[in-house]
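Open the model in your viewer and show it as a cartoon. This tour goes from a pocket to a sheet and then to the helices on it.

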Amino acid sequence: MSKRILVIEDTEDNRRIIRDLLSSVGYELIEAVDGAEGVAMAQSHIPDLILMDVNMPDMDGLQATRAIRAFDSAQQRDVAIIGLTASSHPQDHAACLEAGMNDVLVKPLNKAHLQTCVEVWLAKKEAAHG
């Protein structure tokens, strides 16, 4: 069974890049164009992993992550969230982790780093939940 990844990213070009990088290795991708839509999709689709853009208008990735971490269902609340940001500043990465993200990748995305990060977090989920 393929793993479902929710991509929450406001830029079409970035969604296309992620789609190209991950769909070729067999992941099922669901896409949301902003934080609010992403939170709703995280609740209704129960993804195995979320790739979350940090900087989005209206509800940014930090706010969306906090909303997901507040879900009632542990299955929905405990999903691995990987932040995607153009910032390489340590304080920005710390803010992502503080908001509840599990990891952070810096854009532009490198296919090998993205794939490895996704595989690591999916394996951790599998080990924890069987």
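**The pocket**

Begin at the largest pocket, which holds about 170 Å³ of space. A pocket here is an open set of points on a 1 Å grid over the protein atoms alone, where a 1.4 Å probe fits, with protein on both sides within 12 Å along at least five of seven lines; lining residues have an atom within 4 Å of a point. The volume is the space filled by probe spheres set on the points.

Select Asp 48, Gln 75, Lys 125, Glu 126 and His 129: of the eleven lining residues, these are the closest to the pocket's centre. Next, colour helix 4 (74-77) and helix 6 (111-129), the elements that each give two or more residues to the lining. Helix 6 supplies the largest share, four residues. Helices (H or I, at least four residues) and strands (E, at least two) are DSSP runs, numbered from the N terminus.

This is a predicted model: local features need pLDDT of at least 70, side-chain atom pairs count only at pLDDT 80 or more, and totals for chains, interfaces and linings use all residues. Residues are numbered from 1 along each chain as its sequence is written, and side-chain values use heavy atoms, without hydrogens or water.

**The sheet**

Now select the five strands. They form an open, parallel sheet in the order 2-1-3-4-5; two strands pair if DSSP finds at least two bridges between them. Strand 2 (28-32) and strand 5 (103-106) are the edges, each with a single partner, so one side of each lacks a neighbour in the sheet.

Zoom in on strand 1 (4-8) and strand 3 (49-53), parallel over four bridges. Leu 6 has Ile 50 as its bridge partner in strand 3.

**The helices on it**

Show helix 1 (12-23). It lies across strands 1, 2, 3 and 4 (80-85), at about 170° to strand 2. Angles run from 0 to 180 degrees between N-to-C directions, with axes fitted to C-alpha atoms, for helices over the stretch in contact; contact means heavy atoms within 4.5 Å. Finish at helix 5 (90-99), which packs on the sheet, touches strand 4 and strand 5, and makes about 145° with strand 5.
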